[in-house]
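Please open the model in your viewer and keep the sequence panel beside it, so that each selection can be made by residue number. The tour goes from one selection to the next and says what is found at each stop.

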Amino acid sequence: MKNIPEDFAPHNFSPERTQPRQFAPAIQLDIEALLNRMLRNWYWFVLAIAACLALAWLHLRYTTPVYQAQTSMLIEEKSGSGGLSKEVIASELGFENSYKIDNEIYMLRSKYLMERVVNLLGLDVSFYHQGSVRNVEIYKPEHFGLVPIDSLNNALYIRNEPIEYGSVMIRFDSPSTFSLIRYEGDTTSMRYDRPFEIGNRQFVLAISDEAPMVGTPDIYQVNVRNPTYVANAYNNSLTVRQVESSGVVNLGITDPVPEKAKDILNALVAVYEQQIVEQQSQSGDQTLEFIEERLDFVTDELYEVEANVASFKQSANLPVDLATQGSNYLSQLNEADRQLAELRVKRELVEEVRRIISDDDNYEPLPVASEVISGLLADMIVQYNQLIYERDQKLESVTATHPTITTYSESLNNMKASLLQSVNTILRETNERASRIEDRIKPLQASMDRMPANEQRLLQIMRDQTIKQNLFIFLMEKREEAAITIKAQTPNTRIIDRASSSSVPVSPNEAMIYLFALGIGLIVPGSTIFLRELLGTKLGTEKEIMKVLPYPVVGRIIKSKDHGSVVVTKTNRNGVAEAFRLLRTNLGFMLPNDQSSVIMVTSSVSGEGKSFIATNLSAALALSKKRVVVIGMDMRKPKLAKMVSNANEPSNEVGLSNYLIGQSAYEDIIRPTDHEGLFLIPSGPIPPNPTELLMDGRMANLIHRLRQDFDIIVLDAPPVGVVTDGLLMKDYINVTLFMARVGVTPKKSINYITEMIEAGKLPRVHLVINGINPKASYGYGYGYYE
């Protein structure tokens, strides 16, 4: 035997010489092969990227741009009136109190404030110009507007009917008429001064004298929506964020109209400041109401007492001035009465507070006047009123059973208990002070009783007059102080930056969308190829085949369009024919020169090009001046005879099956072909038991006889992964050529094939790889012959 290179040395995988492995090589993803496949399919990436970029362009063209407006404000803590509170204790201990700023942020995001903004700016009515690409909102149209008619709104209110909303379309036909287009397709020509309905409300369309859209075919859409729904929509696009742990709050909102976004933020800040002033004035209003009631009562009493003084002096014929002793008594009594009157006003106000907090189910703000009620009770009342205000704000968005409201109610009930205890203490102290003053008055009253009757009576009347005068002056002073306090209320906010909008839209982000489209254009084909490689059931590359079938490779056959015919001829020098000549050369190193050889060509499954390889290999061997016979052993799906025989000859009338059952002689089944030195034994008619026929001794006799008449015998055996016919020939063959076709050989058959080879059922196995893509080969490869 000739010297054989190491790469093509025949391996005899016999059980005696080789210890079988327990497992076949694991099928792994070949990164290099994956990248090569992606490079070969570059056009899919180009198409996917172009399609994604086109979709991104369409998205940007038809999407309405959205702008962002921002403003910042400083919310300052209101300084209290002193006293001991949890805020003071936390501050003394070094803890930060962020609860108040959190409440303010929540209030800025409340639906109540945003609805006030919507009503203030009239955002429940919107106008859109219908364009060919997209509709554009017109904010504060300069040349036309929608005017509601109040009579219908009043009628709806009187009839207690809910307001309905809707939309219409308008085309300005002339300076005096316009077309009202409804969604039902109804178009009406109307005068501008004629009212029309949107929902169940009536409106009039107002237009300027020189409106540029008059007479154009442009259509405008008018929407009248529920202010609550509009406020909810704007609230969803509103962001309120505290700057670290400071009192600075940044507000932002997004909208297709930047000018409208700025107006919304400015209006929101103004409404928020107004809300703070209203909340701060609420307690002062109640105090002022209480003083007004008392002042009206004291005024009437003062008029009555003054009238009594004048009438008694006239009837008793008393001088205008009292005696010195009477004046002295009156002066001392007036001072005591003044103190007693102030204590009585304080007691009445405290009793009013106790009456309000005694109602367990009612949370009503308490009246407070710092000049009447001061100290710890005033601080507690301020905190109590603040909790009520915050609870009312929460109730605008949640129900009374919400856990947050329950927490507020528990805190208010606890404060009620503390307030009630403090109020009772103050009432007890006030009553004790009043008792002491009354004890001071009793000796003076006894001295007055010893004066003459007329002077005594006049002195008593003048004492009542002085009491009422002092009380009147006291209440007048307190009313003025309360009024000044209410009017002097200012919000605890300062604007840091007025609202400003971005010059470029924040959405859609053109750069990010194009970048995303580019990524999708790369990911979609790339992931498709990756998943096909990872989840594919076939061996997709030459490298993958060589990794899972680690046997000597004696041939690589590139793809051929003529897969059903003989391509190896004397004159044919293309890549496929040269690949078979290279296979013939490699086999020459393994076949003995002094005797005939038997080569079996098989595969794992059907469709791997087994018959095509056997036919063209036989033709290539015949061109080397050898007598070659190719036998169609695949008696289940015979294809060999059609490839080798002439078109005019019957391909499969007499063949191997006839010989094995004894119907035909040796000479009858051997058929010459058009190729010099190449003979054919077709499969013959399909028998019912091919395996049993091959097990008969006539197959051995046939091989023995053919060895005497031919140099090389090529067996086109059926796939060993499907049937066992090829395994019965192991004692007669010199070389087994196992076929593996790129993209056809199944991965699941590898373990089974490897076990058979390592068990010695297929002797001297060598690998032939079929279906190689010449464009994927490295170097000039087989493309040199194309």
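Select E137 to begin: in this predicted model, its relative accessibility is 16%, and because buried means under 20%, E137 counts as buried. Now add K260 to the selection and show both side chains, which meet in a salt bridge with an N to O distance of 2.7 Å. This pair links distant parts of the chain, since E137 belongs to strand 3 (residues 136–138) and K260 to helix 8 (residues 258–316), 123 residues apart. K260 is buried as well, with a relative accessible area of 3%.

Which other side chain meets K260 in a salt bridge? Select D255, whose side chain meets that of K260 at 3.4 Å, N to O; D255 too counts as buried, at 6% relative accessibility. With salt bridges that share partners, E137, D255 and K260 are joined into one network. As background, side chains of opposite charge can pair when their charged atoms come close. The structure holds 16 salt bridges, and another of them comes up at the next stop.

Move on to E578 and R573, whose side chains meet in a salt bridge at 3.4 Å, N to O. E578 is buried, with a relative accessible area of 18%, and it is one of the buried residues of helix 15. Extend the selection to the whole of helix 15, residues 575–588, which has 14 residues and reaches 20 Å from its first C-alpha to its last, close to the 20 Å expected at 1.5 Å a residue. Is this helix mostly covered or mostly uncovered? Helix 15 is mostly covered, with ten of its 14 residues buried; among them are V576, A577, F580, L583 and L587. To see what these buried residues pack against, display strand 14 (553–558), strand 15 (597–603), helix 16 (610–622), strand 20 (735–741) and strand 21 (765–772).

From helix 16, follow the chain into the loop between that helix and strand 16 (628–632), where K625 lies. K625 has a positive phi of about 65 degrees although it is not a glycine, and at 69% relative accessibility it counts as exposed. For comparison, select E244, in the loop between strand 11 (238–242) and strand 12 (248–255). E244 also has a positive phi, of about 50 degrees, without being a glycine, and it is exposed, with a relative accessible area of 73%. Most residues other than glycine have a negative phi, and most peptide bonds are trans. A backbone feature of another kind is found at S507 and P508, which are joined by a cis peptide bond with omega at about -5 degrees; P508 lies in the loop between strand 13 (493–501) and helix 13 (510–535).

Next, select L706 in helix 21 (residues 697–709), a residue that counts as buried at 0% relative accessibility. Leaving aside its neighbours within four places in sequence, L706 is in contact with V629, I631, Y666, I670, I681 and I713, so these are the side chains to display around it if the cut-off is heavy atoms within 4.5 Å. The C-alpha atoms of L706 and V598 are separated by 9.6 Å, although the two residues are 108 residues apart along the chain.

Turn now to a sheet, and colour strands 4, 9 and 8. These three strands form an open sheet in the order 4-9-8, with antiparallel pairing. Strand 4 (144–148) and strand 8 (196–198) are the edge strands, each pairing on one side only. Neighbouring strands of this sheet are turned by 45 degrees against each other on average, direction ignored. Strand 4 is joined to strand 9 (residues 201–207) by five bridges, and P148 stands opposite F203 in strand 9.

For the last stop, select helix 1 (residues 31–40) and helix 2 (residues 42–62), whose axes come within 4 Å and cross at roughly 65 degrees. The contact is made by M38, L39 and R40 of helix 1 together with W42, Y43 and F45 of helix 2. What is the make-up of this contact in nonpolar, polar and charged residues? The residues of the contact divide into five nonpolar, no polar and one charged.

Terms used: Residues numbered from 1 in each chain as written. Predicted model: local features only at pLDDT ≥ 70, side-chain atom pairs only at ≥ 80, totals over all residues. Heavy atoms only, no water. Pairing = 2+ DSSP bridges. Helix = DSSP H or I, 4+ residues; strand = E, 2+ residues; numbered from the N terminus. Axes fitted to C-alpha atoms, helices over the stretch in contact; angles between N-to-C directions. Expected span 1.5 Å × (residues − 1). Buried < 20%, exposed > 50% of the residue type's maximum accessible area, 1.4 Å probe, protein only. Nonpolar A, V, L, I, M, F, W, Y, C, P; charged D, E, K, R; others polar. Salt bridge = Lys/Arg side-chain N within 4 Å of Asp/Glu carboxyl O.
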